[in-house]
Amino acid sequence: MWLQQLEGREVLLRHTCEQSDGLPRYGWLLHDGAHFGVQEIQDVGFSLQTEVVKRPGGQHGGDWSWRVTVRPERTGPKPAFISLLFYVATDGQGTLQPLIEEKSRLASIRGQTEELGDFTVTFKPPTTEAGTPLYARYNHLQAKAEGLHRLTDVVKSSLSPRFSYAPPGLPKRHYFGVDVYQGQAGDRELRSQLLVHQVTVAVPCRVEVAFESGSVADRPDRLLAETLTRELDKHVAAFEQRFEETFGLSRKGFSGQEQHFARALLSNMLGGMGYFYGHSLVQSPYTEGPQLYPAGSLFTAVPSRSFFPRGFLWDEGFHQLLLARWDPALSQEVLAHWFDLMNVEGWIPREQILGDEALAKVPPEFVVQHSQGGNPPTFFLVLQQLLRQGAMEQDYLRRIYPRLQSWYGWYNHTQAGPLPYTFRWRGRDQDTQLFLNPKTLTSGLDDYPRASHPSEDERHLDLRCWMAVASAVMAEVATRVGEAEDDYAHMANWLADNEMLEQHHWSEALSTFADYGNHTQAVTLERERFRPPPPGQPSPFPRLVRVVRKSPRLQFVGGALGYVSLFPLLLQLLRPDSQRLGSLLADMKNEQKLWTPFGLRSLSRSSPFYLKRNTEHDPPYWRGAVWINMNYLAVRALHHYSQVEGPYREEATRLYHELRTNVIGNVLQQYLDSGYVWEQYNDSTGRGQGCYPFTGWSALVVLMMAEEY
Ligand code: 6A9
């Protein structure tokens with residue numbers, strides 16, 4: 001945590017990534033996912049560079065050190081001095097013993113936990129970057145907290161302005177320091193023991209912290225000062241070399257700035273990875289209320305450190321497409337964690353909210369997961385990639401195979417459509433009167449328009465295409481582990497059969513691929529007519545409700561040209577000589593439909609749903625904006641169709657180059673302009689929108705730069 005000591009101003013305590021802090025820029029510039037990381041955080045008037053290095057050894061993961069360097073920034077009011085707060089906290093078990101020096105300086109902590117064994121954490125006094133000691137004031141806090149999610153509050157409420165900072169020759173000034181915490185325990189269990197070391201010091205400065213594992217027997221030298229610098233330099237050089245070997249961006253002629261950007265994208269995904277532990281809350285059709293699942297652990301990347309700092313199923317497949325290239329062993333570990341969270345039915349919760357810290361970031365209405373709802377099985381794309389790389393050992397494949405069978409089986413059985421070889425997302429919005437179009441959160445495309453009236457007659461094109469990929473990969477894995485592959489191969493063949501695909505999903509009238517269902521395009525959202533309230537009740541504000549002007553009927557879903565329509569192309573199911581390929585390429589390239597200078601927009605400009613709100617409080621999401629995961633699939637597919645013989649090869653090649661250039665160019669431009677990579681991009685201006693930093697699937701730009709598909 002850090003604290004700006006601006007006299008007379010409110011207390012600005014920074015801790016976890018919060019969009020509301022409005023920092024100009026922050027993120028990992030370098031991170032290899034295992035041994036080191038370099039992060040830059042720009043605050044107003046100063047910046048923090050945080051560096052971490054790990055040195056393996058002993059039985060508990062070895063030693064690691066942190067270095068924080070604070071530097072003034074050219075712009076903004078510069079704080080004369082700031083406070084850095086370093087803390088150690090337990091989470092339910094373990095002990096911590098403070099060693100206090102000079103009355104108030106927490107010099108080190110001796111601790112012990114089940115996972116870490118015995119360890120010592122040492123806080124070095126602040127210096128200049130050259131190593132000269134600096135004047136500083138110290139505070140420390142020893143407190144108990146309900147859990148890790150409450151630490152910010154505990155520290156905040158213990159702050160007192162009664163301390164003074166008086167470097168030689170300068171006037172004395174007051175500052176906020178951690179003091180005594182008057183927590184009200186109540187009957188809540190206090191599972192965290194907390195020790196905070198606060199150092200208050202002038203900018204610029206540098207502070208180092210060393211974690212030393214008790215099980216490391218011989219330590220040649222401490223991982224501090226010059227040794228730390230030397231280790232960091234070594235890791236930076238190795239990273240740069242490995243990055244070039246893996247992605248070849250310098251070879252491809254990308255500028256220094258472009259390479260810097262790509263390294264930051266990969267590093268943010270790696271640096272944002274987390275280890276989560278806790279229970280999912282699940283509603284199943286077999287129980288009355290939601291049930292707490294057994295505690296489980298998940299090692300995973302996250303879509304966004306500030307806004308969605310937890311695991312999301314289909315996002316994770318996209319994340320691992322990038323990470324599998326960088327570190328295939330790491331990706332396999334992540335996949336294994338996800339597969340271990342499967343329930344007895346073969347279902348994996350879409351959103352993983354494990355532990356109090358994760359839970360603290362989720363509004364209550366989003367916590368319960370529904371065991372009838374899926375999410376695109378993108379892990380099959382990762383498995384396909386790892387198989388191509390030859391990265392998976394036989395033993396690993398054998399161990400995940402039973403889980404893959406269950407998972408595949410879950411989709412195949414529970415998400416079956418009305419006809420053989422068709423599929424339907426379960427869990428669409430029920431209260432159809434309130435939405436312009438009932439959402440389909442399970443598909444991952446949320447408010448993308450589907451049949452206006454959800455019914456059992458629906459067939460969803462995207463899910464069918466996902467199942468085609470899943471079946472093909474299952475057949476391949478089965479063959480590899482010497483199990484019967486016939487059923488999977490049979491499914492894969494039928495789902496890839498272009499004639500049957502057209503029969504189920506090609507609409508002559510709309511001249512595109514589409515969902516099928518009970519549908520009418522004649523719907524609008526309108527303000528409800530005023531109705532006098534019952535006596536004694538306040539008069540309700542009239543809501544927006546859906547008005548249906550023409551009855552729905554079973555038909556292909558019109559007015560919905562966009563990402564879903566492109567799926568047979570995106571997942572490369574169309575034969576290269578299919579006329580339909582030519583037709584989708586034309587829709588893609590049409591600026592009145594999907595083409596923008598920033599990438600493909602999610603929904604055609606000509607769709608009646610284009611940029612339409614779904615309810616009063618629900619702005620358009622997948623109704624026009626440019627999303628990077630789908631653009632990655634598009635670029636990848638265009639690359640594929642540019643490599644195979646066929647009548648559309650030249651057109652695919654042309655679009656491949658243009659789309660790739662547009663997407664890379666805009667995400668980079670927005671990063672330079674705004675300091676961040678974003679969740680989505682505006683289809684008219686290219687501007688980043690939604691949450692930030694979002695270096696989940698938006699980081700797939702690195703693979704587009706590398707032309708790794
Ligand atoms: C809301 C509000 C602090 C929505 O990237 C994660 C998912 C995608 O899987 C999905 O395709 N996002 C996309 O349509 C974000 C979903 C967030 C839901 C929970 C909590 C947080 O407030």
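Contact here means heavy atoms within 4.5 Å of each other. The model is predicted.

**Met342**

By that criterion, and leaving aside neighbours within four places in sequence, Met342 is in contact with Trp347, Ile348, Arg403, Ser406 and Trp407. Met342 sits in the loop between helix H5 (328–339) and strand E21 (351–352). Its relative accessible area is 15%. The cut-off for buried is under 20%, so Met342 counts as buried. Met342 and Gly272 are 70 residues apart in sequence. In space, their C-alpha atoms are 23 Å apart.

**The ligand site**

There are 17 residues around the ligand. Trp314, Asp315, Gly444, Asp446 and Trp622 come nearest. Three short polar distances to ligand oxygen atoms are listed here.

| Residue | Partner atom in the protein | Distance to a ligand oxygen atom |
|---|---|---|
| Trp314 | N or O atom in the side chain | 2.9 Å |
| Gly444 | polar backbone atom | 2.6 Å |
| Trp622 | polar side-chain atom | 2.9 Å |

On its own, the ligand has 560 Å² of accessible area, and the protein covers 83% of it. The space the ligand takes is the second largest pocket.

**Leu441**

Leu441 touches one of the residues that come nearest to the ligand, Asp446. Arg350 and Asn375 are also touched by Leu441, with residues up to four places away in sequence not counted. Leu441 lies in the loop between helix H8 (394–414) and helix H9 (461–480). Is Leu441 buried or partly exposed? Its relative accessibility is 29%, so Leu441 counts as partly exposed. Leu441 and Phe176 are 265 residues apart in sequence. Their C-alpha atoms are 46 Å apart in space.

**Ser160**

Phe176 also appears among the contacts of Ser160. With neighbours within four places in sequence left aside, Ser160 is in contact with Tyr175, Phe176, Gly177 and Asp179. Ser160 belongs to strand E12 (residues 159–165). Ser160 has 12% relative accessibility and therefore counts as buried. Which backbone nitrogen lies 3.2 Å from a polar atom of the Ser160 side chain? That of Arg162 does.

**Backbone geometry**

Most residues other than glycine have a negative phi, and most peptide bonds are trans. Some places in this model depart from that pattern.

Take the peptide bonds first. The bond from Val203 to Pro204 is cis, with omega near 0°. Pro204 lies in the loop between strand E14 (192–202) and strand E15 (205–213). The bond from Tyr692 to Pro693 is cis as well, with omega near -15°. Pro693 is in the loop between strand E32 (688–689) and helix H16 (701–706).

Now phi. Lys103 is not a glycine, yet its phi is positive, at about 70°. Lys103 is placed in the loop between strand E8 (95–101) and strand E9 (105–113). What is the relative accessible area of Lys103? It is 81%, so Lys103 is exposed. Glu707, also a residue other than glycine, has a positive phi near 55°. Glu707 is in the segment after H16. With a relative accessible area of 28%, Glu707 is partly exposed.

Notes
Residues are numbered from 1 along each chain as its sequence is written. This is a predicted model: local features need pLDDT of at least 70, side-chain atom pairs count only at pLDDT 80 or more; totals for chains, interfaces and linings use all residues. Side-chain values use heavy atoms; hydrogens and water are left out. Helices (H or I, at least four residues) and strands (E, at least two) are DSSP runs, numbered from the N terminus. Buried means under 20% relative accessible area, exposed over 50%, partly exposed in between (1.4 Å probe, protein chains only). A residue is near a molecule or strand if one of its heavy atoms lies within 4 Å of it. A polar contact is a pair of N or O atoms within 3.5 Å; within protein, one must be able to donate a hydrogen and the other to accept it, and residues adjacent in sequence count only if both atoms are side-chain atoms. Accessible areas come from the Shrake-Rupley method with a 1.4 Å probe; for residues, only the protein chains shown count as cover. On a 1 Å grid over the protein atoms alone, a cavity is a set of points where a 1.4 Å probe fits but cannot get out, and a pocket is an open set with protein on both sides within 12 Å along at least five of seven lines; lining residues have an atom within 4 Å of a point. A molecule sits in a cavity or pocket if more than half of its atoms lie within 2 Å of its grid points.
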